[in-house]
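Hi everyone, thanks for coming. I'd like to walk you through a structure that is new to most of you, so please have a look at it first.

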Amino acid sequence: MGILGVKYPNINAKLKGMHAKRITKNDLEDLIKQNNLKNAVLLLKSKSDIFKNSDENIDRLEIESLLEKDQINDILKIQGLLKDNDKEIFEIFLLKYEIKCIKSIFRKIFSQNNEDDIIVQNVKKWTETLFEDIKGIETVKTLEEFFSAIKRMKYHNILKKYQEQENINVFEVENEIDKLYFETLYDKVKNDASSKKIIGSEIDLLNVLWIFRIKKYYKFEVQQLKKILIKRYYKLNPNMLNKIIGANTFEELKEIMEKTVYSKIFTEESELEDNINTYLYNINKKIFKNEITSIAYIFAYINIIDYENNDIINTIEGIRYNMDKKEILKRIVQ
């Protein structure tokens, strides 16, 4: 019956109902019209139960924490409805949040900021409910404690080689974890067209974004650039990626990308990341609306929640810092 068959039509109906209760684009547009943070938060509280007990001076990390808590509850509901192989595939997909927890603590150690309680509490929420193999990682203060805390996790083997290094390259470590995650997940779902589209599109666009950023800000040799790429190919094959590596300006990149399915993303350099997020959001939204026989619609639901949560955070932050209302609206992917 494929990766996930119609034996779970009730999940589709439940997810549609859960999504219908979320903050909409119209709600965000109403938020943007507010002239101060207090009014915006009051409106947000009236639109969503997630924020009903929030202080009017709520900051970005507190908003993120409340949204993540709600997302974890959604994930737990889905896990309770899946069985066997489907549950195993979903848990591989969810490893991106375990990776996010690890990165948060890893960066915290290097920043020597051991007092950020919100980061600690956010990580603790995930590890106590979903990622017990790294439970307690939020308490670590040193690299030695960090490597000890991840011994039970799935990525320990690729990280342990860094344990003896004096000068650890944070980007290199995070890049290795990201690559393994995407390559493992892509291989697991590649026979399911909708799932492959979700994961493959993200891989393609991440590779392009990494190439563009690194060429702009760092001096990498070609072989170094190739090494950091995810070695799975959806619509962009290795030959196309080589051409992208050879582009020295955004205009050259744009000309190359005009020959691909991603041509509409590459309009202005300043809008590249927003355009990528909007493109991926729309892919996930379409699959969530139309797919009913594949695990892809579950992936899509979790992904669109991520994008929509970021919309809420960016909107409130834009109001807090008196950004131009048109600029805030441009950053919304919905």
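I'll go through some helix packing, then a cavity and a pocket.

A quick word on where this comes from: it's a predicted model, where local features need pLDDT of at least 70 and side-chain atom pairs count only at pLDDT 80 or more, while totals for chains, interfaces and linings use all residues. Residues are numbered from 1 along each chain as its sequence is written, and side-chain values use heavy atoms, with hydrogens and water left out.

Let's start with helices, which here are DSSP runs of H or I, at least four residues, numbered from the N terminus. Two packed helices are described by the angle between their axes and the distance between the axes. Axes are lines fitted to C-alpha atoms over the stretch in contact, and angles run from 0 to 180 degrees between N-to-C directions.

First pair: α14, residues 272–290, and α15, residues 296–320, pack at about 140° with axes 8 Å apart. That makes α14 oblique to α15, oblique being what's left once you take out roughly parallel (under 35 degrees), roughly antiparallel (over 145) and roughly perpendicular (65 to 115). The crossing of α14 past α15 is left-handed, so the near helix is turned anticlockwise from the far one by less than a right angle; clockwise would be right-handed. Contact means heavy atoms within 4.5 Å, and on the α14 side the residues include L280, Y281 and F288, meeting residues of α15 including F299, Y301 and Y307. Sorted by class, this contact has eleven nonpolar, three polar and two charged residues. For the classes, Ala, Val, Leu, Ile, Met, Phe, Trp, Tyr, Cys and Pro are nonpolar, Asp, Glu, Lys and Arg are charged, and the others, Gly among them, are polar.

Now, which way does α10 run against α14, parallel or antiparallel? Their axes come within 10 Å and cross at roughly 175°, so the two are roughly antiparallel. Among the residues in contact are I198, E202 and L205 of α10 and L280, I283 and N284 of α14. Here the split is ten nonpolar, three polar and four charged.

Keep some of those names in mind for the cavity. On a 1 Å grid over the protein atoms alone, a cavity is a set of points where a 1.4 Å probe fits but cannot get out, a pocket is an open set with protein on both sides within 12 Å along at least five of seven lines, and lining residues have an atom within 4 Å of a point. Points are joined across faces, edges and corners, and volume is the space filled by probe spheres set on them. How many cavities of 30 Å³ or more turn up? Just one. The largest cavity holds about 30 Å³, and I198, E202, L280, N284, N303 and Y307 line it. Helices α10 (193–217), α14 and α15 each supply at least two lining residues.

Last stop: α4 and α15, packed at about 165° with axes 10 Å apart. They're therefore roughly antiparallel, and α4 passes α15 in a right-handed crossing.

Both helices also help line the second largest pocket, with at least two residues each. That pocket is about 440 Å³ and has 16 lining residues, with K21, S48, D49, I50 and D70 nearest its centre. The largest share, six residues, comes from α4. Its lining has six nonpolar, two polar and eight charged residues.
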